[in-house]
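Open your viewer, keep the sequence panel in reach, and follow along stop by stop. Each stop suggests something to select and then says what is there.

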Amino acid sequence: MVSYSLASAVNIAFVEDLKKLINNTDKNDYLGNLIGSGLTEVSSAGIPISGYDVVHINVRISALGKLFVRLMNDKN
């Protein structure tokens, strides 16, 4: 298991993807861009699609990503 720190995750991620994560945009095509940072993770609910070895994977916001969003949206 890989352990990430929030500072490292923010340093690795692109600013535009972080903005989308903070704003919780409906279009979530950016989530795959954040996997390497640890702010998102591959869900085990991916569904293999037969044919050309194409696999559909689900990406969700990780616990670290949820912490980041909560901290960035905290108004206090």
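Start by colouring the chain by pLDDT, the predictor's confidence in each residue, from 0 to 100. Among the elements of the protein chain, helix 2 has the highest mean pLDDT, 94, and strand 1 the lowest, 70. Over the whole protein chain the mean is 82, and 74% of the residues reach 70 or more. Where pLDDT is low, the predicted coordinates should not be read in detail.

Two notes on reading what follows. This is a predicted model, in which local features need pLDDT of at least 70 and side-chain atom pairs count only at pLDDT 80 or more, while totals for chains, interfaces and linings use all residues. Residues are numbered from 1 along each chain as its sequence is written, and side-chain values use heavy atoms, with hydrogens and water left out.

**The whole chain**

Switch to a cartoon view. You should find 3 helices and 2 strands, in the order α-α-β-β-α along the sequence. Helices (H or I, at least four residues) and strands (E, at least two) are DSSP runs, numbered from the N terminus. Of the 76 residues, 25% count as buried; buried means under 20% relative accessible area, exposed over 50%, and partly exposed in between (1.4 Å probe, protein chains only).

Contact here means heavy atoms within 4.5 Å. Among contacts between residues at least 6 apart in sequence, 49% join residues at least 24 apart.

**Helix 2**

Next, select residues 15-23, which form helix 2. Show the side chains of Asp17, Leu18, Leu21 and Ile22, which are buried. Looking down the axis, you will see these buried residues within an arc of 140 degrees, so they line one face of helix 2. That arc is taken from the directions from the helix axis to the C-beta atoms. An α-helix has 3.6 residues a turn, so residues three or four places apart point the same way.

Now pick leucine 18 alone. Beyond its neighbours within four places in sequence, leucine 18 is in contact with Val10, Ala13, Leu34, Leu39 and Phe68. Just after helix 2, stop at asparagine 24, which has a positive phi of about 50 degrees.

**Helix 3**

Select residues 63-73 for helix 3. Which residues are buried in helix 3? They are Leu64, Gly65, Phe68 and Val69. These four cover an arc of only 135 degrees around the axis, which puts them on the same side of helix 3. Turn to the other side and you meet Ala63, Lys66 and Arg70, which are exposed.

Lysine 66 has a relative accessibility of 52%. Draw a distance from its C-alpha atom to that of leucine 39, and you should get 7.7 Å, although lysine 66 and leucine 39 are 27 residues apart along the chain.

**The nonpolar core**

Select Ala9, Ala13, Leu18, Leu21, Ile22, Tyr30, Leu31, Leu34, Leu39, Leu64, Phe68 and Val69: these 12 residues make up the largest nonpolar core. Such a core is a set of buried Ala, Val, Leu, Ile, Met, Phe, Trp, Tyr and Cys residues joined through side-chain atoms within 4.5 Å. Helix 2 and helix 3 are the elements that give two or more residues to this core.

Then zoom in on alanine 9, in helix 1 (residues 6-12). Alanine 9 is buried, at 0% relative accessibility. Not counting residues up to four places away in sequence, alanine 9 touches Ser37, Leu39 and Leu64. From C-alpha to C-alpha, alanine 9 and phenylalanine 68 are 9.4 Å apart, with their positions 59 residues apart in sequence.

**Serine 37 and threonine 40**

Move to serine 37, in the loop between helix 2 and strand 1. Is serine 37 buried or exposed? Serine 37 is buried, with 1% relative accessibility. Its side chain reaches the backbone oxygen of leucine 34 at 2.6 Å.

Finish at threonine 40, in strand 1 (residues 40-49). Threonine 40 is buried too, with a relative accessible area of 3%. A polar atom of its side chain lies 2.9 Å from the backbone oxygen of leucine 31, and there is a distance of 3.1 Å between a polar side-chain atom of threonine 40 and the backbone nitrogen of isoleucine 35. Leaving aside neighbours within four places in sequence, the contacts of threonine 40 include Val59, Arg60, Ile61 and Ser62.

Technical notes:
A polar contact is a pair of N or O atoms within 3.5 Å; within protein, one must be able to donate a hydrogen and the other to accept it, and residues adjacent in sequence count only if both atoms are side-chain atoms.
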